[in-house]
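Grab a pencil and keep the viewer open. Below are some short exercises, each followed by a solution that goes step by step.

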Amino acid sequence: MVTGPHCSRKRSLIYDTCKWILAFTLLVNTLHVNAGSFPTLPLKVGYIHNVGHDRYRRSDQFQSQRNNLKGKPGQGYYVEMEIGTPPQKINVLIDTGSSNFAIAATPDPDIDKFFQRENSSTYSLIGTSVYVPYTQGNWKGTLGSDLVTLTSLPNVTVTANIAFITESKQFFINGSNWQGILGLAYSSIARPDQSVTPFLDSLIDNTGISDVFSIQLCGDKFEQQTDKDVELGGTITFGGVDPKLHSGPVFFTNIHKQWYYEVVIVDVQVNGESINLDCKEYNFPKTIVDSGTTDLRLPNKVYTSVIDHIKNYVQNSPKAPALTHGFWTGDIDLCYKDGAIPYDIFPFVALGFAENDQQSFKIIVAPQQYIKSVGKDDENPDEICFKLGIASSSSGTVIGAVVMEGFYVVFDRQSNRIGFADTTCPAVAQQFNRSHMSGPYQFSGSIGNCAYAKPEKSNKTLTIVAYVLAGICGACILPLLFLFVQYQWRTSKCYEKLKRQNSDGDSNDLIDEPSFMHES
């Protein structure tokens, strides 16, 4: 029989063919994976022009984003965006203390331009009404969507949810040069509800860049065009940490809760000494990092203690001027010729954070940060005036721009943490020590013990109330029960009396009802 050798050769041929097919398939897959670092990234509702993941890992990846923030003192920092088709340029305030992306869609006396929806072929109406109130002011608008490009990331375009503002009150600031707001916090605080996807989530989901952004706010030392036109400057970096914008290590503390960027302060110091309050007071009812707030805002009890410590330090300085009550409340400016304010009459203020349950670090805020310039005096143009940038708060601690301007701040959402590092911004008043990082230190406390926990509603109170009400009801029912028994007893007596009167002596006779129970 010749069938045996023939089958063997046939099986060998089939085996070799399969082997080559498998090798070819692996080769094709390998080439496909390597090619995937170019423009093959799948997108959901946006698109990228010739950009892949690796763009955000190269050493020069952040160059185009540097110096993309501008602003004016006390009016916030804004970044330029292109929205719609054809693109319309709109400046938006960067705000890590909110989540909605909103732009003006109707004329307003405090702004010089607005987005014209009818001129965009890619605008889409969602129709949901949005109302956002602030401590001062508010805005109303309607949800829609359109294409959005950050001009500092020209190759990245996404379709984003946008609230188109149609009505506002004390929201826009005349001369601020921004016409909208870019909320960078989590969707849980988006209005009208968390179903509204924030711009940052759309950017991350549809481009594949890292869920990390970092902010360097440089204050009014960044750029000055004229004596009267002082401009703020800085950088917001999407996709990571720019090593050229900070020096030294980045110290991280965990995000305590994902709504605002809530963190936990474990200590507050003035001139190197703790103010010695229960650490829960520092976080009552929360502590957030908010680029949209100017001042360092502290809970009332903490604010009072910090101001008292600063006052004591200033009063012991021989160079200190007489500071009125109005300066400490932020109502009166402190003015100096040519801005030659002696910053060293004020102490450093430090905020302590825990890296973990064993280590902590401090951000040490120089007086150059919390004594903020507000520009030249109208009556004495040779003088530059300053205002205290620490204020009281009824809604918790807010680490605002006056603190952030002293540091490089990393919002690492990917690892659920906030980082602080020394900034490379030019120093204010270089003859004085600047804000800086300090640590690590040994930490023996508990982050959980310092975080404010809202008391949970307990059933114990309801139980006590129920028992009290039951006691009251019982006290009311007992007299009624007594009257009822008394009534029954008297009725029974009358019945027995009538029975005896009508009885013929035969105990087996049927008992008739008493006469008073019959109708007359």
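Start with one residue: Y186 is buried, with a relative accessible area of 9%. Keep in mind that you are looking at a predicted model.

**Exercise 1. Work out what kind of aromatic pair Y186 and Y261 make, and which parts of the chain the pair ties together.**

Step 1. A pair of aromatic rings is described by the distance of the centres and the angle of the planes. A search of the whole structure turns up 22 aromatic pairs.

Step 2. For Y186 and Y261, the ring centres are 5.2 Å apart and the planes meet at 50 degrees. Centres within 6.5 Å count as a pair, and planes that are neither under 30 nor over 60 degrees apart count as tilted. So this pair is tilted.

Step 3. Now find the two residues along the chain. Y186 is in the loop between β9 (180-183) and α2 (199-207), while Y261 belongs to strand β15 (residues 261-262), so the pair ties together parts 75 residues apart in sequence.

Step 4. Check how covered they are. Buried means under 20% relative accessible area. Y186 has 9%, so it is buried, and Y261 has 0%, so it is buried as well.

Step 5. Look around the pair. Y186 and Y261 belong to one aromatic cluster, together with F213, F238 and F411.

**Exercise 2. Do the same for Y343 and F386: which kind of aromatic pair do they form?**

Step 1. The centre-to-centre distance is 6.2 Å and the angle between the planes is 85 degrees. An angle over 60 degrees counts as edge-to-face, and that is the name for this pair.

Step 2. Y343 sits in the loop between β20 (334-337) and β21 (349-354), and F386 sits in strand β24 (residues 383-388), so parts that are 43 residues apart in sequence are tied together.

Step 3. Both residues are buried.

Step 4. Follow F386 into its sheet. β24 is part of an open sheet of 3 strands, ordered β20-β24-β23 with antiparallel pairing. The edges are β20 and β23 (371-376), each pairing on one side only. From one strand to the next, the twist averages 30 degrees.

Step 5. Zoom in on one pairing. β23 and β24 are antiparallel over 5 bridges, and F386 in β24 is the bridge partner of S373.

**Exercise 3. Find the charged side chains over the rings of W259 and F252.**

Step 1. Go to W259: K257 lies over its face, 4.1 Å from the ring centre.

Step 2. Go to F252: the charged end of R417 sits over this ring, 3.7 Å from the centre.

**Exercise 4. Which residues touch the most other members of the largest nonpolar core?**

Step 1. This core has 92 residues, and the ones that touch the most other members are F101, F199, F238, I310, F346 and F420.

Step 2. Helix α4 (residues 300-315) gives the most to the core, with 6 residues.

Step 3. Another core lies apart from it, with 17 residues, including I111, V130, V132 and I181.

**Exercise 5. Which strands stand at the edges of the 5-strand open sheet?**

Step 1. Write down the order: β17-β16-β21-β22-β29, with antiparallel pairing.

Step 2. β17 (273-274) and β29 are the edge strands, and each has a single partner strand, so one side of each has no neighbour in the sheet.

Step 3. Take the pairing of β22 (residues 359-365) with β29: it is antiparallel, over 5 bridges. Here K362 stands opposite S438 in β29.

**Exercise 6. Examine the backbone at P86, P440, Q170 and N177.**

Step 1. The peptide bond from T85 to P86 is cis, with omega near -5 degrees. P86 is in the loop between β3 (77-83) and β4 (88-95).

Step 2. The bond from G439 to P440 is cis too, with omega near 5 degrees, and P440 is in strand β29 (residues 436-442).

Step 3. Q170 is not a glycine, yet its phi is positive, near 50 degrees. N177 also has a positive phi without being a glycine, about 75 degrees.

Step 4. Place them. Q170 lies in the loop between β8 (156-169) and β9, and N177 is in the loop between β8 and β9.

Step 5. Exposed means over 50% relative accessible area. Q170, at 61%, therefore counts as exposed, whereas N177, at 33%, counts as partly exposed.

How values were computed:
Residues numbered from 1 in each chain as written. Predicted model: local features only at pLDDT ≥ 70, side-chain atom pairs only at ≥ 80, totals over all residues. Heavy atoms only, no water. Phe/Tyr/Trp six-rings, centres within 6.5 Å; stacked < 30°, edge-to-face > 60°. Helix = DSSP H or I, 4+ residues; strand = E, 2+ residues; numbered from the N terminus. Buried < 20%, exposed > 50% of the residue type's maximum accessible area, 1.4 Å probe, protein only. Lys NZ or Arg CZ within 6 Å of the ring centre and 35° of its normal. Core = buried A, V, L, I, M, F, W, Y, C linked by side-chain atoms within 4.5 Å. Pairing = 2+ DSSP bridges. Axes fitted to C-alpha atoms, helices over the stretch in contact; angles between N-to-C directions.
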